[in-house]
Amino acid sequence: MGLPEERGQSGTRSGGREEAGAGDRARSWSPPPEVSRSAHVPSLQRYRELHRRSVEEPREFWGDIAKEFYWKTPCPGRFLQYNFDVTKGKIFIEWMKGATTNICYNVLDRNVHEKKLGDKVAFYWEGNEPGETTQITYHELLVQVCQFSNVLRKQGIRKGDRVAIYMPMILELVVAMLACARLGALHSIVFAGFSAESLCERILDSSCNLLITTDAFYRGEKLVNLKELADEALEKCQEKGSPVRCCIVVKHLGRAELGMGDSPSQSPPIKRPCPDVQANECDKDEKRAWRNGDGREMDAVKGVLAEPESQRRISLQLCQASIHWSVGMVTRQPTSEAPFLPQGVVHTVGGYMLYVATTFKYVFDFHAEDVFWCTADIGWITGHSYITYGPLANGATSVLFEGIPTYPDESRLWSIVDKYKVTKFYTAPTAIRLLMKFGDEPVTKHSRASLQVLGTVGEPINPEAWLWYHRVVGAQRCPIVDTFWQTETGGHMLTPLPGATPMKPGSATFPFFGVAPAILSEFGEELEGEAEGYLVFKQPWPGIMRTVYGNHERFETTYFKKFPGYYVTGDGCRRDQDGYYWITGRIDDMLNVSGHLLSTAEVESALVEHEAVVEAAVVGHPHPVKGECLYCFVTLCDGHTFSPSLTEELKKQIREKIGPIATPDYIQNAPGLPKTRSGKIMRRVLRKIAQNDHDLGDMSTVADPSIISHLFSHRCLTIL
């Protein structure tokens, strides 16, 4: 389809400044010539050629890319087989069936031994405090992964075992992930912001044999006693008859006491000790603590994690011999459908590796000299794909950041950009909107001259935030890759390419290689040209999930039953006259808070567990920073009174049951909820009430209209 000409590219700005008016939101920005000249995909025409081949000849296209990686056993048969149509039988996707490889070998051993990148920095680690820094090379990372693989192996971890990882953003998290992958174990990484109960649920759901966690960490000024939460979760697992066999604790806050002079990279000094945590840890001479199923702690396997250089070669040989070659599962992550529920997406090694490596290379236009920084947490799929596996598969140098954007001040991100000369920067619209509040000065007082490409992830970015990001952070010279994808897809699905795609603020633009999108009507009809409806994909790409862990029927029902023959994203989408795709939001009952999808059902369930609440309904409400926040309606049991103290109790309960990210901004007392005569809660009406919108549409099916009037007159005072 045709693309619009660049409108008002020069001579139309006042003082070099872009105002977020209707004209700017409607226009497009061509890629900067200096970016296009060196880009892997230097023009829109070249993008179209590659995309056409990837969709029409997927076996040949991805087969050529697969040759860049190591395969213990090449694909012996058909490169791709699949069925997307539930009416024709079981849903399945098979890429390179019969081939075997190991993702850890490809991202570490191959880079160290074949590409000779052993001395290249793999990660710059930036702690919560600006003075806490260290780095690790590819060779050092390989050594640590091999050492920790041996520890896991000696604890009985084998192919197919499940390992839960509950850690902050420290280098040991990456080591733990890769050690699991090396052995063929399935890692289930739990975001360190989750509660003990949420951790317990995920351990039980995955039947984890072992837990890896940390003593504690600081997030800004806040101390998070992670070991205390982990202990509580392990006790819950024991009570439910599924004790975890072993727990490994990384002594993070107390690492200065460990005397780690024999480690490859010097660890950062302890800044703010946590006496309570340290008192519960093992002897100061120990490098790790183990917790057995009966609660006893014992010394780690000494001589492995801190072995002298003379013994290190033996460990490397042992670890080499224990590499598991397969195309089996590599990770289990919560679904986009309900990421806070303990059900998991299953990705497989071969296809996932190809896809994250390829999307990283082309979407960020990666070159060997780049320093890449994704600000996400590894506990989410973004961190899996674009902090760990994608960058390492390309031999990239990345920044790993433990802190938050506003600590110790709101210029922290840009200070880090200058410190490490970051060239490619990837963050969430929520972070951008948060930093916009502080004005331009915290950004512009730093150089940011190294930046070449900016990216966004987690939710659609609103045009105003896009324009600020482009004008202030990127100084009007950095293309922005606004990426749309899901946990289920493994990697980017709709995205600009920095050197090829004219950008429109708020649009994810066009499909990535191998992606064939369509927009369907409610009746399953493919809509052509300008259209709005359900976003679906017509054929598989290598990174697609293979199943929901332990529940293939749910996989088929959720993603393929509504429209047989298509993968259903659950998102609404609009295609404009130029063929650009615009994500309009979740079609199902999901809320996108700060880029994290929340299940309304799970929040409602947490509310009604309180003794005072008999019924609850949760809807979204616009928020200037988070994009969307939670607005809750609660109906109380007889004998209970709605009060500020009850509101705080309910918020606390949600934080404990789900996590801080799910804390509601608004809770309204609702003597009754608007329902149809059949008893179904009318959520569309509640959304109108939350936003004080009296245009209710057809109300012929409401059972008691007086309830609606009452709720309008007693609604919470909201920001927007």
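# Exercises on helix packing, strand pairing and backbone geometry

Helix H7 (residues 171–183) comprises 13 residues and reaches 19 Å from its first C-alpha to its last, close to the 18 Å expected at 1.5 Å a residue. The expected span of a helix is 1.5 Å times one less than its number of residues. Helices (H or I, at least four residues) and strands (E, at least two) are DSSP runs, numbered from the N terminus.

The model is predicted: local features need pLDDT of at least 70 and side-chain atom pairs count only at pLDDT 80 or more, whereas totals for chains, interfaces and linings use all residues. Residues are numbered from 1 along each chain as its sequence is written, and side-chain values use heavy atoms, with hydrogens and water left out.

## Exercise 1: Helix H7 and its packing on H13

**Task.** State how many residues of H7 are buried, and classify the orientation of H7 relative to H13.

**Solution.**

*Step 1.* Buried means under 20% relative accessible area, exposed over 50%, and partly exposed in between (1.4 Å probe, protein chains only). H7 is mostly covered, with 13 of its 13 residues buried. Just after H7, Gly 184 adopts a positive phi of about 80 degrees.

*Step 2.* Axes are lines fitted to C-alpha atoms, for helices over the stretch in contact, and angles run from 0 to 180 degrees between N-to-C directions. The axes of H7 and helix H13 (residues 381–393) come within 12 Å and cross at roughly 60 degrees.

*Step 3.* Angles under 35 degrees count as roughly parallel, over 145 as roughly antiparallel, 65 to 115 as roughly perpendicular and the rest as oblique. H7 and H13 are therefore oblique to each other.

*Step 4.* H7 passes H13 in a right-handed crossing; a crossing is right-handed if the near helix is turned clockwise from the far one by less than a right angle, and left-handed if anticlockwise. The contact (heavy atoms within 4.5 Å) involves Val 174, Met 177, Leu 178 and Ala 181 of H7 together with His 384, Thr 388, Tyr 389 and Leu 392 of H13.

## Exercise 2: Helix H6 and its packing on H7

**Task.** Compare the span of H6 with the span that its 17 residues should have, and describe how H6 packs on H7.

**Solution.**

*Step 1.* At 1.5 Å a residue, the 17 residues of H6 should span 24 Å, and the end C-alpha atoms are 24 Å apart, which agrees. Of these 17 residues, 13 are buried. H6 is followed by Gly 156, whose phi is positive, near 90 degrees.

*Step 2.* H6 (residues 138–154) and H7 pack at an angle of about 65 degrees, with their axes 8 Å apart. Their crossing is right-handed. Among the residues in contact are Leu 141, Val 145, Phe 148 and Leu 152 of H6 and Val 175, Leu 178, Ala 179 and Arg 182 of H7.

## Exercise 3: The H21–H22 pair

**Task.** Derive the orientation class of H21 and H22 from the angle between their axes.

**Solution.**

*Step 1.* Helix H21 (residues 683–690) and helix H22 (residues 705–713) have axes 9 Å apart and pack at an angle of about 30 degrees.

*Step 2.* H21 and H22 are therefore roughly parallel to each other. H21 passes H22 in a right-handed crossing. On the H21 side the contact is made by Val 685, Leu 686, Lys 688 and Ile 689, and on the H22 side by Ile 708, Leu 711 and Phe 712.

## Exercise 4: Strand pairing

**Task.** Give the strand order and edges of the four-stranded sheet, and determine which side chains of S2 are buried.

**Solution.**

*Step 1.* Two strands pair if DSSP finds at least two bridges between them. The four strands form an open sheet in the order S20-S21-S23-S24, with antiparallel pairing. Strand S20 (517–520) and strand S24 (581–586) are the edge strands, each pairing on one side only. Neighbouring strands of this sheet are turned by 45 degrees against each other on average, direction ignored.

*Step 2.* Within the sheet, S21 (residues 531–537) and S23 (residues 567–575) pair in the antiparallel sense over six bridges. Ala 531 has Arg 575 in S23 as its bridge partner.

*Step 3.* Strand S1 (residues 80–83) runs antiparallel to S2 and is joined to S2 by four bridges; Gln 81 stands opposite Glu 94 in S2. Side chains alternate along S2 (residues 92–95): Ile 93 and Trp 95 point to one face and are buried, while Phe 92 and Glu 94 point to the other and are not.

## Exercise 5: Backbone features in loops

**Task.** Locate the non-glycine residues Asp 365 and Ala 475, and state the accessibility class of Asp 365 and of Ala 475.

**Solution.**

*Step 1.* Asp 365, although not a glycine, has a positive phi of about 50 degrees. Asp 365 lies in the loop between helix H12 (349–363) and strand S15 (371–374), and at 5% relative accessibility it counts as buried.

*Step 2.* Ala 475 also has a positive phi of about 50 degrees without being a glycine. Ala 475 belongs to the loop between helix H17 (463–473) and strand S19 (480–482) and is partly exposed, with a relative accessible area of 36%.
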